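Work through the exercises below with the coordinates open. Try each task before reading its solution.

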Amino acid sequence: MTDNDASPPEPERSTPIRTAVSRRRALAGVGGGLATAAAGCLGGSSGTSESIAPVSIADDQACDQCGMIIADHPGTVGQVHFEDDEPEGGRPAQFCSGTCTYSYRFDAEDDGRTPLATFLTDYSTVEYEVYDEGSDTLLSSHTGEDAFAQSTALTVVARSEIVGAMGPDLVPFSEETDVESFVAEYGGESMAAAEVDRATLDAL
């Protein structure tokens, strides 16, 4: 929905199957997500996290977890704002997938760092594409600031047919009806994004 959204690259492949998905409640979803964002194990402290806004991810930005260029890969992307952002050079940590987002955050917390807010792609508020590449089913990636919502306002679908930049991934939505429609078509199980832990990632 923003000019900064990055579509997936066009590698060599036979004619892909692409399905555009319209997000009719985009503005309502963004407003509702911001209004209902609350404290949670992935959102930071109440008040502090609500004052933090997501940033757009630059086209040449590498994932802080795996080093891949974020905009060059499909699927969920994320960012984590830490109390001390010096390790990332004074910016939020940025990631090419939901799994990279959570893995980096968990490791940082183990090292004593304090996350203030975690943002993931909100597929309820972007006009995304589903397409096949070989045997994989992929989602378009979206890196503009308006494509993100705080994890405290999101539900993720795990173990679906969708493959992200790092393989099986988490697909986030702010609207429950979008979660239900996605699971009906692509399978998987839904859970609150704030409840994701290392065991969730290991089970993908």
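**Exercise 1.** In which loop is R159 found? Classify its exposure and check its backbone.

*Solution.* The model is predicted. Start with the location: R159 is in the loop that runs between β8 (155-158) and β9 (162-164). Next, take the relative accessible area, which is 37%. Buried means under 20% and exposed means over 50%. R159 is therefore partly exposed. Last, read the backbone: phi of R159 is positive, about 60°, although the residue is not a glycine.

**Exercise 2.** Describe the open sheet that contains β8: what is the strand order, and which strands are at the edges?

*Solution.* The order is β11-β8-β12, three strands with antiparallel pairing. β11 (171-173) and β12 (189-192) each pair on one side only, so they are the edge strands by that criterion.

Now look at one pairing. β8 and β11 are joined by three bridges in the antiparallel sense. Opposite V156 stands P172 of β11.

Then take the geometry. With direction ignored, neighbouring strands of this sheet are turned by 30° against each other on average.

Finish with the helix. α3 (residues 176-186) packs on this sheet and touches β8, β11 and β12. The direction of α3 makes about 5° with that of β8.

**Exercise 3.** Which residues touch the most other members of the largest nonpolar core, and which elements give two or more residues to this core?

*Solution.* The largest nonpolar core has 18 residues. C63, I70, F82, F95 and C96 touch the most other members. Two or more residues come from each of β2 (78-82), β3 (93-95), α2 (98-110) and β4 (115-121). Another core, of 13 residues, lies apart from this one. Its members include Y123, V126, Y128 and V179.

Now list the contacts of I70, leaving out residues up to four places away in sequence. I70 touches I57, Q61, A62, C63, V77, Q94, F95, C96 and T143.

**Exercise 4.** Is T101 buried or exposed? Place T101 in its element and list its contacts.

*Solution.* First, the element: T101 is in helix α2. Second, the area: the relative accessible area of T101 is 1%. The limit for buried is under 20%, so T101 is buried. Third, the contacts, again without residues up to four places away in sequence: T101 touches G78, Q79, V80, F95, T118 and L120.

Key
Residues are numbered from 1 along each chain as its sequence is written. This is a predicted model: local features need pLDDT of at least 70, side-chain atom pairs count only at pLDDT 80 or more; totals for chains, interfaces and linings use all residues. Side-chain values use heavy atoms; hydrogens and water are left out. A nonpolar core is a set of buried Ala, Val, Leu, Ile, Met, Phe, Trp, Tyr and Cys residues joined through side-chain atoms within 4.5 Å. Buried means under 20% relative accessible area, exposed over 50%, partly exposed in between (1.4 Å probe, protein chains only). Helices (H or I, at least four residues) and strands (E, at least two) are DSSP runs, numbered from the N terminus. Contact means heavy atoms within 4.5 Å. Two strands pair if DSSP finds at least two bridges between them. Axes are lines fitted to C-alpha atoms, for helices over the stretch in contact, and angles run from 0 to 180 degrees between N-to-C directions.
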